[in-house]
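Reader: I am new to structural models and would like to learn how to read one feature at a time. Could we begin with the overall fold?

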Amino acid sequence: MNIKLVESLAQVVQSLSPEERSLLKEKLKAQQEQNSGSGKERPFYETATPEEWVKAFREWAQSHTGHQPSFSDEAISRERGLMEQGANVIEEKVRVISRWYNR
């Protein structure tokens with residue numbers, strides 16, 4: 001550690017006006033942020049443009065084609081049947097509530 005250099009810098013800083021001190025603080029902060037950020041790559045979500053997001057999304061979506069599970073006709077018809085049953089139950093409940101409410 002160079003003690004004389006540090007003492008000289010301290011004297012210079014003490015002689016600065018408030019505006020100059022403020023500017024010095026800003027410069028030191030910017031330099032510190034730059035040094036702490038060097039060597040670290042910022043994540044895609046922080047730096048990507050809208051066009052890059054679109055391109056990345058399309059590439060991701062295309063990478064998943066052909067990997068979708070195929071459902072049998074039986075499984076699909078079973079799902080439709082359950083949905084229809086659910087709709088029928090809801091309709092019946094609405095009718096019961098309507099009758100009760102309209103008494």
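Author: Helices and strands are DSSP runs numbered from the N terminus, a helix being H or I over at least four residues and a strand E over at least two. Read along the sequence, this protein follows the pattern α-α-α-α-α. Its radius of gyration, taken over C-alpha atoms, is 34 Å, well over the 13 Å that the globule rule (2.2 Å times the number of residues to the power 0.38) gives for 103 residues, so the protein is more spread out than a compact globule. Along its principal axes the C-alpha trace spans about 90 × 50 × 30 Å.

Reader: What is the average pLDDT of the protein?

Author: This is a predicted model, in which local features need pLDDT of at least 70 and side-chain atom pairs count only at pLDDT 80 or more, while totals for chains, interfaces and linings use all residues. Residues are numbered from 1 along each chain as its sequence is written, and side-chain values use heavy atoms, with hydrogens and water left out. The pLDDT is the predictor's confidence in each residue, from 0 to 100; the protein averages 83, and 95% of the residues score at least 70. Among the elements, helix 4 (residues 50-62) has the highest mean, 91, and helix 5 (residues 73-101) the lowest, 81.

Reader: How many residues of helix 4 are buried?

Author: A residue is buried under 20% relative accessible area, exposed over 50%, and partly exposed in between, using a 1.4 Å probe and protein chains only. In helix 4 the number buried is zero out of 13 residues, so this helix lies largely in the open. Of the 103 residues of the protein, 1% count as buried.

Reader: How many aromatic pairs does the structure hold?

Author: Rings of Phe, Tyr and Trp (its six-membered ring) pair if their centres lie within 6.5 Å, and planes under 30 degrees apart count as stacked, over 60 as edge-to-face and the rest as tilted. The structure holds two such pairs. In one of them, the rings of Phe 44 and Trp 53 have centres 5.0 Å apart and planes at 65°, so the pair is edge-to-face. Phe 44 is partly exposed at 40% relative accessible area, and Trp 53 is partly exposed at 41%.
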